[in-house]
Amino acid sequence: MPPSGGFRREHPPLPVITVSVTALAHLYDLQCPRHLVWLTDGQPRPRIRWEETPAGEVLARLGQEHEKHVVQRLVPPGQLATPEYPPGDFDRGAAATCALIEAESPWIEQAVLLGPMSPELGVRGMADLLRRCDDGRYQVIEIKSSRRLKTSQVLQAAVYTELLQRITPVADPLMIDGHYGSHEPPRLASEAILGELVTDLIPRWLRAGDDVFHRTMRCGRCPFDPVCAADARQRRHVSLVPGLTPAVATRLKAAGVGDLPGLVAMDTANLHALAVDGHLLQRLQGQARSIVEERILPTGEVQAPPGTVVQLFLDAAPDPTAAVPCRLGLLKRDRSKGLSAYRGVAIPSDHGDAAKKVRAFLELAAHQATKAVRDGLSWGFLYFGPSTVEALADLVAWMGWGDELLEQILVHAMDVQALIRRRWYLPVERYDLARVLAASGLDPMSDESPPFIHHVAWRAFGDEAAAQSLLAQGEETLRSVMALWDWLEADARSK
């Protein structure tokens with residue numbers, strides 16, 4: 001770091017492997033040697049960039065709008081400078097940024113910073129905002145539209161601060177979240193994580209090569225996901241088995257097992273040497289056999305799903321841009337009357353209006369349960385996957401209520417996804433709703449787009465058709481869950 005008040009206008013030559021700061025953060029999220037190698041080896045491969053997906057496109061646009069609003073809030077009129085350089089010429093961009101710093105510009109937007117982080121790795125990127133402090137130091141301000149800051153986002157601020165301090169004295173970075181909250185990330189902790197990533201993990205991943213990978217839920221955000229998925233299926237890679245973690249895969253590899261047929265045929269006599277629970281391994285083998293044979297197999301657990309007369313199917317569609325779900329839904333089926341009805345709610349962006357809608361929905365759910373009890377009918381809440389209950393718990397906390405309502409829901413709640421997994425092995429890589437519907441032979445959903453896309457169109461542009469699409473999608477979702485429940489019950493009756 002140059003002496004206080006000094007300025008050093010230089011950039012050492014970049015190492016052979018250079019990635020963007022955003023890609024470095026993404027690499028931390030994925031924790032995948034294959035992703036790093038494919039990102040840097042120069043080989044042409046088909047990519048699906050996150051920004052080009054329907055969800056990514058919407059989130060990127062919202063992020064740009066949020067950044068623009070934050071800059072307008074922070075920067076006094078006439079004080080914002082932007083480095084000028086030919087598009088794509090980062091060396092010229094870095095030189096232009098240095099010139100603005102040397103000229104003591106009070107605010108610099110999209111400042112180009114680059115340099116080596118280690119002998120193996122160089123980085124380059126554009127910091128959202130630089131602010132010149134009263135003592136002459138410059139401060140990195142990173143602006144994020146997410147409501148919760150991730151470690152990888154904090155690492156971006158740490159990288160920019162590290163690059164910036166090579167040319168001018170710096171202050172600790174500042175981060176602005178999607179709700180305009182300010183955060184000062186712990187600099188020493190983030191620098192330690194960055195140091196481990198750069199000096200330990202990345203060299204190790206480069207040595208490992210692209211044969212080392214493990215498919216997880218995070219892979220959906222990787223641009224190479226379609227290519228990697230096809231390769232994994234061709235190899236019959238063990239990571240295709242739901243529930244098989246990287247730690248378990250490492251132990252299986254030590255036993256010479258790396259593909260599905262090997263897992264199916266594995267001798268379980270010496271499990272103590274693998275430090276793998278016997279019941280877990282039995283379930284993993286059953287799941288692998290289902291995928292290999294491409295058919296549904298029973299797990300051996302034959303407990304019938306509890307029958308109820310009144311069924312209350314719940315839906316809480318997540319919204320990554322807000323603190324609450326974008327849609328809540330309740331599908332009631334009363335078998336004593338042979339009727340079913342759906343009630344959906346699109347949650348407004350205004351905090352007060354949102355609280356009213358949430359309160360009304362939760363009171364509706366509680367009322368329907370109370371009505372069933374009053375009528376002497378058995379009843380239960382049903383949902384697909386743990387995220388629904390997690391969202392309801394967040395809503396209760398957001399409303400500032402006690403846990404009594406949530407406890408009542410949980411006592412009478414049944415996870416249809418969990419019941420299916422307990423009873424059958426399905427030939428699927430993930431037990432999401434779309435794959436489970438396909439494996440069970442039920443009709444697919446006509447609209448599988450992320451719900452918040454419709455919600456953004458409604459709240460940002462007043463598109464009432466988008467609101468109707470959001471609610472229609474919610475009803476179709478719950479009717480699909482109801483069809484799965486019927487499928488479960490029909491199998492139980494046949495036994």
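Start by selecting Gln156 in this predicted model and show what surrounds it. Leaving out residues up to four places away in sequence, Gln156 touches Val21, Thr22, Ala25, Glu142 and Lys144. Its home is helix 5, residues 151–164. Is Gln156 buried or exposed? With a relative accessible area of 8%, Gln156 counts as buried because the cut-off for that label is under 20%.

Next, pick strand 5, residues 138–143. Six of its six residues are buried, so to speak of it as mostly covered is fair. Turn on the side chains: Tyr138, Val140 and Glu142 point one way, while Gln139, Ile141 and Ile143 point the other. That fits a general pattern: side chains in a regular strand alternate between the two faces of the sheet.

Now look at the neighbours of strand 5. On to strand 4 (121–132), which pairs with strand 5 in the antiparallel sense over four bridges. To see one of these bridges, select Leu129 together with its partner in strand 5, Ile141. The two strands form a hairpin with five residues between them, and Gly136 in the turn has a positive phi of about 90°.

Then add strand 6, residues 174–176, which pairs with strand 5 in the parallel sense over three bridges. Here, Ile143 has Ile176 in strand 6 as its bridge partner. Bring helix 5 back into view: strand 5, helix 5 and strand 6 make a right-handed β-α-β unit.

Time for the core. Which residues touch the most other members of the largest nonpolar core? In this set of 35 residues, they are Leu24, Val123, Leu130, Val159, Leu164, Leu194 and Ile202. Among the elements giving two or more residues to this core are strand 1 (17–20), helix 1 (21–30), helix 4 (90–102) and helix 6 (187–208). A second, separate core has 28 residues, including Tyr383, Val389, Ala391 and Leu395.

Zoom in on Leu130. Not counting residues up to four places away in sequence, Leu130 has contacts that include Ile101, Trp107, Tyr138, Val140 and Leu164.

Last stop: helix 2, residues 33–40. Why call helix 2 largely enclosed by the rest of the structure? Because six of its eight residues are buried. Select them as Pro33, Arg34, His35, Leu36, Val37 and Trp38, then show helix 1, helix 6 and helix 7 (225–235), which these buried residues pack against. Step just past the end of helix 2 and you reach Gly42, with a positive phi of about 80°.

How values were computed
Residues are numbered from 1 along each chain as its sequence is written. This is a predicted model: local features need pLDDT of at least 70, side-chain atom pairs count only at pLDDT 80 or more; totals for chains, interfaces and linings use all residues. Side-chain values use heavy atoms; hydrogens and water are left out. Buried means under 20% relative accessible area, exposed over 50%, partly exposed in between (1.4 Å probe, protein chains only). Contact means heavy atoms within 4.5 Å. A nonpolar core is a set of buried Ala, Val, Leu, Ile, Met, Phe, Trp, Tyr and Cys residues joined through side-chain atoms within 4.5 Å. Two strands pair if DSSP finds at least two bridges between them. A crossover is right-handed if, with the strands pointing away from the viewer, the path from the first strand over the helix to the second runs clockwise.
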